[in-house]
Every structure is written in C-alpha cells, then in structure tokens.
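Trainee: I should like to work through this structure with you, one point at a time. May we begin with individual residues and then proceed to the larger elements?

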Amino acid sequence: MALLEIRDLKTYFHTMRGYVKAVDDISLELNKGVSLGLAGESGCGKTTTALSILRLLPWNGEILSGKILFDGVDIVELSSEQFRRQFRWKRISAIFQGAMNALHPTIHIGNQIAEAIVTHENVSKKEALERTAKLLDLVGIGASRIDRYPHELSGGMKQRTVIAMALACNPDFIIADEPTTALDVIVAAQVLKAMKELQHKLNLSMMFISHDLSMLAKVCNKIAIMYAGKIVEYGDVVSIFKEPLHPYTEKLIGAFPSILGQKRKLSSIHGFPPDLLDPPPGCRFHARCQYAMDICRTTEPKMTDAQGIEHFVACHLKGV
Amino acid sequence: MTQDVTIKVQNLKKYFDIKVGFFRTLLSKSVPYVHAVDDVSFTIKRDEIFGLVGESGCGKTTTGRLLLRLIEPTAGKVYFKGLELTSINNRQQMRRLRRKMQIIFQDPYESLNPRMSIFDIIAEPLLIQKITQGLEDTTERVMEVLEDLEMTPPEEYIYRFPHELSGGQRQRVAIARAFIVRPEFLVADEPVSMLDASIKSEVLDLLLGLVKKHHSSFLYITHDVALARYICDRVGVMYLGKIVEQGNIEDIILKPLHPYTEALISAVPVPDPTARRSEVVIKGEVPSAVNPPPGCRFHTRCPYVMEVCRKKEPKLIEVEGNRYLACHKYNA
C-alpha cells in the first residue's frame, strides 16, 4: 500500500477577487522509500500541495475537497490538534526554502533540535540532547558542534542543521521544498548528496519540490510535473526525462542547459501561465501549446497511462 | 588590434573597509578589509561576450560595477577603447561615456521605478543624455527597441506600469532601457536568474540578438556555468576575488584545468538522470575574504594541494593558446 495517497485534492485560496485555484484536482501516490520530485514553475501549486499535506495552509487557504491518505488515515479529516499530535514531525516533517535563515540566532543549534524532540515525544531533555548529538553526526555536522550558534556555521552547515531537525522525531516522510536554492553550486551538491544518502540509509519517503529539473534528476526516482494547479505528467524519472509525453514537459526539459554533450538550442515556451482565478477551459496549457487542437480548448484531458508503464500523462495528443 | 579591444582591465583591486569599533582602531594597527576583487585582469573585444562565473562572494558583481565605475577601485586600471576610465575626474566627460556603457540588473521587480510608465522608463536615458530631438524622435526610438524585444504592438505596452507586466516582460523593459542608447559595452548581472525556466531562453535570445545588432561588447556575470555555456565566448572563473582560469567556454567545460573549475563543473546538475559523471566533491566552503588564505586561495579545499600552494601564490599564465591558468600543479 502506498504510504501517501492524494486523491482529487482541491486547495483554493480565498481572495477579494474570488477563489484562486492553486491546486485543482490532483492525485498522487507515493510508496515507502521512494523520492518523488514535484516540478513546475512559480505559481503552479507545488508549494500549496506541500502545505496541504502538512496542514500548514495560510488563513485564506482551504482544502475544498479530496483526500490525503497517509498510511491509511485521511489527514484532511483530522482536527488540527490531532494532526499536530499524531503526524506533524512524528510522521511527516519538512525542510522549507530558506529555513536555514529561520534558525533562532541566540539559541544553540543543539537546543533548537532537542526542543523539537521534547515537544513531540515524552523524553527528558538529556535524552533529547543525546539523540541530537547522534543526528548531528548523521547529517555530517559532527556532534562536537552541538553548542554552536547559527551565526558560527556556514550556509551549508545551517541547511544540514535544518535537515537534522526534520529527522529529529524519526519521520517516515519528509517534504523538502527547494532545499538547496539558497546555496551555492558546490555546497548544494554536497547537501543533496547527504540527503540522498540519508534517504537510502533510513529508507525515507521524500517529496522534493523544485523548479530546477536538473536538481530533481539527480535525487528523485519519480517525477510529477505540475502546470497551473494540475499534474500534467507523472512517471519514473528516466522515462520522464528520456521520453517526455506532455508538450509542456518536453519544452521544460529542453529549457534547461546542460554542460554535457553537444550544445543544443534551448527551448522556450511563448507566453505565460494562466491566471488561476479564472483558468481556461479544456487543457490549461492549450494557449501555449504548439500542438493545440480543438478538443484541447474545450475538454479537459484526463491522466492516462497509455503505454501501461506507470507513466501517466494528461494530454489529448498522447493520452488516448 | 587595439582598436578591437573595448574593455581592458589591468590589475584591478577593490577592498572594502570593515567598520570596527573605536577601541579596536586604537588597539590594532591594521584595519580589516574584504578583499572583494584582488588583482584581476582581462580584456573584452568588440562583438565578444565574456562571462565571469563563480559562487556568491567571489567578486564577480563587484568587478562588473568597477568596470562601469559605479564604485571606485582601490587600485588598478580600466580602459574603455584605450581611454583610462579610472582617471577621469570630469563629471561631464564621465556622463558622456556612460551613454556608451550600460548595465542590466538581476531583479526586474526592483530595478524599474513603479511609478513611471514603461515609455518614461525606457525614454529616460535618452532625455538624460539629450540624444534625441523632440518627442517624435524619442517615441520612434522607444518603439523600435520594443519591437526588437518582441513586445508588439509597442502601443499596447508603453502606457502601462511595471506592476502590470509579467516578470519576463519587466526584464525586457530593463533590457530596452539599456539598449535605447545603443551602448558599446554592456554588463548584465544574472539577467535571467529570477525568471522561470520556460521563458528564460526567450529573454536571453532577445538580449543576445540586441548585443549582436549593436556589435556591443558584453560582460555576462553569472553563477550558472551551464547557462554561461549558451551565452559566452570566453569566461573567467573567479574564486575569492581572483580569476583562477580563463579561456574559451567550451574548452573550459570540456577540459577544466584548475581543480576549482573541475569541482564547480562536476557539481552542476544536468537534466539527465542517466548521466554518468565523475564526481569531484570538494569539502568545506569558501573561506572568508577578510583573511584569504596565503598562497593559492584554493589550497584549503584543493584535493591536489602541494607544499608550494600554501606559500606561493600562483600567477595567471597562458598555458595553451588563449587559455590562462593560475595553478602550481600545471606550472610545475
């Protein structure tokens, strides 16, 4: 059984001008030990999906319908108190974009991590600190740095602290939202490598959220591509990159420069994503799609697995 | 030959003072500096695109600003078509020169005045430099540059304000503003890093089209080596205020000589999950530019470090045709 199963999730934001349909009817499955990459451009709903799973939506965000089954329990149905006690950080934790800059500047990093353990589990401070020391070793900071302040650490070390914090209560599932965007190339590569190793070692399920397909290609087994609140393609990482089915995916992959192989022309997609207050009928990508047909303007394509290889696509051109 | 060289940079240095308390100035003799740019030299020819790549804090942005004299160098010289920029004291003369040198910044959300219309934003340099005669002339130039950037029909855009445009359109306005004076030298500091992947290359293509059209010399500053490959002819790789390697971009990407370049390139992710690559993972992070390590600045992280690297600073020398390297490993 899948560890996480999202069924027909709709998360909308109330605004003065109406509902912003940030996540509009998406379904996903994630098995244990798998790392899924959720890719897409700004405003496509990737972070909203993460916040829905974590039940951390801002005040104007609302899960309108759909289910999020985590280990068989529909977490949408839980009260926020129940979710906080049973799931958040114990089962599902997160590494947010820029979280390393949100560390408390005047508290030792060890105490900050131990605090998460004491809050969620019935353990003594001493025991929590012992576990913290182990965590710091695990993420490659070293237990000796337990009484450092955040300003004494470099960017990469701070990000590793945040990773240690996400691991504090031995979760099954970690959401990493742009975990390396604030870091430099070499440090980002070091941190990603550490995360990948931890994922294997602890058999974690992970969801990496990023706009950077190159980064996702490096760390994920599965990729889901989002566009304007919808998942348009989902499949195995190799199959997505080698044989993309959706025209958007194809163009998006082509837009990323590579330092390997022959230099090829970078692709671009003319125009910009639709306004999610009033998304267009039919396929949401039709206005920018070079293959758009009449049916694309009127009927919404469904996710189908045409080849039967667990590679789903929502496109009239390829799906049927 | 010298006619072709638009920009020549010689031993350029910029140290920033660090503010220290009153008592510390009494107690210690030396004032600490950030060695942002430390002895950098290169040239950019007409019609050439030169890239400066490196991680944050390596001094690439400071170099770009020094070249336009937006900040004053601590030492060294910058020549623009044989004229020494750093020695010009006359404001009028400098202002006339600025017409030939322009810059495009990273963030189009901050570089455009929100209270000016697109027309006013783009026409402003023309008015300041008193280039055009009358409104008709100005309008014509504005329309032309907007058409070059495929913001057509231009009439639809000129009455709008920056907040009414998308990120890609805003950056095009910033590009239009730089090209309206037909500059001979252009600096662009991460011009597309704020844009979404799907529109990045469109904006870049338009920018490069204008650079070609005006035969400008172009300094492209970026942290993204993969993207630099698609833009630059030659690049300089910077580390802690110094250029460690310089040469044609393809040569550097296919065969990096400096250990730092090698590590930098191997750390760049590629959009291909099946790619087999050599992983040169170097440890640690960039040391502080206040007290840069003696000798080679990279020796603290270099996997091939030798005794000489800790003491003697390697000079940037030509190792092959048009390929410069500062590393003891190859000089030996």
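Mentor: Let us begin with His215(B), which has 12 other C-beta atoms within 10 Å and therefore counts as exposed. Please keep in mind throughout that this is a predicted model.

Trainee: Where is His215(B) found, and what is its phi?

Mentor: His215(B) lies in the loop between α8 and β8 (217-222) of chain B. Most residues other than glycine have a negative phi. His215(B), a residue other than glycine, has a positive value, and its phi is near 50°.

Trainee: Which class of exposure does Glu178(A) fall into?

Mentor: Glu178(A) is found in the loop between β7 and α6 of chain A, and its phi is positive, about 45°, although it is not a glycine. A residue is buried at 20 or more other C-beta atoms within 10 Å and exposed at 12 or fewer. Glu178(A) has 19 C-beta neighbours inside 10 Å, so the class is partly exposed.

Trainee: How many residues of strand β7 (residues 173-177) of chain A are buried, and which way do they point?

Mentor: In a regular strand the side chains alternate between the two faces of the sheet. Accordingly, Phe173(A), Ile175(A) and Asp177(A) point one way from β7(A), while Ile174(A) and Ala176(A) point the other way. The strand is mostly covered, and the number of its residues that are buried is 5 of 5.

Trainee: Which residues stand opposite Phe173(A) in the strands that pair with β7(A)?

Mentor: Strand β6 (residues 92-95) of chain A is joined to β7(A) by 4 bridges and runs parallel to it. Strand β8 (residues 205-210) of chain A also pairs with β7(A) in the parallel sense, over 5 bridges. Opposite Phe173(A) stands Ile92(A), and its bridge partner in β8(A) is Ser205(A).

Trainee: What handedness has the β-α-β unit that contains β7(A)?

Mentor: The unit consists of β7(A), helix α6 (residues 185-202) of chain A and β8(A). Its two strands pair in the parallel sense. The handedness of this β-α-β unit is right-handed.

Trainee: Turning to chain B, which strands stand at the edges of its open sheet?

Mentor: The sheet of chain B has 8 strands in the order β6-β7-β8-β3-β9-β10-β12-β11, with mixed pairing. Two of these strands have a single partner strand each, so one side of each is left without a neighbour in the sheet; they are β6 (101-104) and β11 (317-320) of chain B. The twist from one strand to the next averages 25°.

Trainee: In which sense do strands β10 (residues 242-248) and β12 (residues 323-325) of chain B run, parallel or antiparallel?

Mentor: Strands of a sheet pair through backbone hydrogen bonds, in either sense. Here Glu245(B) stands opposite Leu325(B) in β12(B). The two strands are joined by 2 bridges, and they run antiparallel.

Trainee: Which strands does α7(B) touch, and what angle does it make with β6(B)?

Mentor: Helix α7(B) packs on the sheet, where it touches β6 and β7 (185-189) of chain B. Another helix that packs on the sheet is α11(B), which touches β9 (234-239) and β10 of chain B and makes about 100° with the direction of β9(B). For α7(B) and β6(B), the angle between directions is about 175°.

Trainee: How is helix α7 (residues 167-179) of chain B oriented with respect to α8(B)?

Mentor: The axes of the two helices are 10 Å apart, and the angle between them is about 10°. Angles under 35 degrees count as roughly parallel. The orientation of α7(B) with respect to α8(B) is therefore roughly parallel.

Trainee: How do the residues of that contact divide by type?

Mentor: From α7(B) the contact includes Arg172(B) and Ile175(B), and from α8(B) it includes Val203(B) and Leu206(B). The residues of the contact of α7(B) with α8(B) divide into 7 nonpolar, 2 polar and 1 charged.

Trainee: Which element gives the most to the side of chain B that touches chain A?

Mentor: In all, 33 residues of chain B are in contact with 36 residues of chain A. The elements that give two or more residues to this side of chain B are α8 (197-213), α9 (225-231) and α11 (259-267). The residues of that side divide into 19 nonpolar, 7 polar and 7 charged. With 6 residues, the element that gives the most is α8(B).

Note on methods. Residues are numbered from 1 along each chain as its sequence is written. Chains are lettered from A and ligands numbered from 1 in the order in which they are written. This is a predicted model: local features need pLDDT of at least 70, side-chain atom pairs count only at pLDDT 80 or more; totals for chains, interfaces and linings use all residues. Two residues are in contact if their C-beta atoms, placed from the backbone, lie within 7 Å. Ala, Val, Leu, Ile, Met, Phe, Trp, Tyr, Cys and Pro count as nonpolar, Asp, Glu, Lys and Arg as charged, and the others, Gly among them, as polar. Two strands pair if DSSP finds at least two bridges between them. A crossover is right-handed if, with the strands pointing away from the viewer, the path from the first strand over the helix to the second runs clockwise. Axes are lines fitted to C-alpha atoms, for helices over the stretch in contact, and angles run from 0 to 180 degrees between N-to-C directions. Angles under 35 degrees count as roughly parallel, over 145 as roughly antiparallel, 65 to 115 as roughly perpendicular and the rest as oblique.
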